[in-house]
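User: Could you take a close look at one helix for me? I'd like to hear how its geometry and its surroundings fit together, plus anything else worth a glance.

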Amino acid sequence: MKIIAIVSSPRGKNSNTLKLLNAALEGVAAAGAEAEVIDIAKLKIKYCTACDVCHKTGVCPIKDDFNGVLEKLLVADGIIWSSPNYITNVSAQLKTFFDRTPRVIHEHLFEGKYAFSLTTAGSQDVDFVLDIMNNFMKMCGGKVIGGAGCIMAQGPMDMEAAISKSYELGTHLVEAIREKSKYPDQEALHHAWKDSFRHAIIANKEEWPHNVDHWISKGWL
Ligand SMILES: Cc1cc2nc3c(=O)[nH]c(=O)nc-3n(C[C@H](O)[C@H](O)[C@H](O)COP(=O)(O)O)c2cc1C
């Protein structure tokens, strides 16, 4: 079983969000699995240039660390996303990474993978930021098992509760992967997305040959 944990705070070992991630990793270990941590804040990941090449060839042509991280995610069974709340959003590091993944979305390449998300905020909008990460995962065809976060201004009790929840999510992620847990509402969402996105694939069939081949190979077109 392969689980990748994404760190995206620039604060390294001082990161509040890392405390939640470390608890989640303990949960993963307690359930008998291991996770590889990738700190994208320490990598070179440039902005998407909207060149559309990934939809034509299946490969992003930008020379940096993105393709290496994506390769690891594509063979993972589970993903843990983590980010601090930056201006009611994920960190710029994580948003820049998300923007590089349009092929993952067009081809639903995280299908069959499970994930959860972690965040910390100074004062507000924990659920909003968790939704950004979890909705991204669903847009990529993946399944979301939950999220945990806390508001730093609410003090250590709030952090302790989020640490416990993060640990539990770590164990649940391993169980969900082992048991291939079903989430009918999310599967319905994926079906609805394919029904509507099919029109975009057909309309762009000349520009997006890699996406078209993928859809045909999956029997979606
Ligand atoms: C650039 C920046 C933007 C931030 N924006 C918000 C915000 O919109 N709302 C909020 O509640 N906290 C905000 N914060 C506070 C962080 O979310 C909070 O300190 C968080 O715990 C940092 O996590 P980290 O230590 O893992 O980086 C912001 C912090 C920074 C540096």
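Analyst: Here's a walk along helix H8, followed by a look at a residue in helix H4 and at the cysteines. Bear in mind that this is a predicted model.

Helix H8 covers residues 184-203, 20 residues in total. At 1.5 Å a residue they should span 28 Å, and the end C-alpha atoms sit 29 Å apart, so the two agree. There is still a bend along the way: H8 has a kink of about 35°, centred on Phe197.

Phe197 also belongs to the buried set of H8, together with Gln186, His190, Trp193, Lys194 and Ile201. As background for that pattern, an α-helix has 3.6 residues a turn, so residues three or four places apart point the same way. And what covers the buried residues of H8? The cover includes helix H5 (102-106), helix H6 (126-139), strand S5 (143-151) and helix H9 (209-218).

Over in helix H4 (residues 92-99) you'll find Thr96. Thr96 counts as buried because its relative accessible area is 12%, under the 20% cut-off. Leaving out residues up to four places away in sequence, Thr96 touches Ile45, Lys46 and Tyr47. A polar atom of the Thr96 side chain lies 2.7 Å from the backbone oxygen of Ala92.

Now the cysteines: the disulfide count comes to zero. For Cys54, the nearest cysteine sulfur is that of Cys51, 6.4 Å away. For Cys60 the nearest is again that of Cys51, at 6.2 Å. Cys54 is buried at 13% relative accessibility, and Cys60 is buried at 14%.

Notes
Residues numbered from 1 in each chain as written. Predicted model: local features only at pLDDT ≥ 70, side-chain atom pairs only at ≥ 80, totals over all residues. Heavy atoms only, no water. Helix = DSSP H or I, 4+ residues; strand = E, 2+ residues; numbered from the N terminus. Expected span 1.5 Å × (residues − 1). Bend = angle between axes of the 7 residues up to and from the residue. Buried < 20%, exposed > 50% of the residue type's maximum accessible area, 1.4 Å probe, protein only. Contact = heavy atoms within 4.5 Å. Polar contact = N/O pair within 3.5 Å; in protein donor to acceptor, adjacent residues only side chain to side chain. Disulfide = S-S within 2.5 Å.
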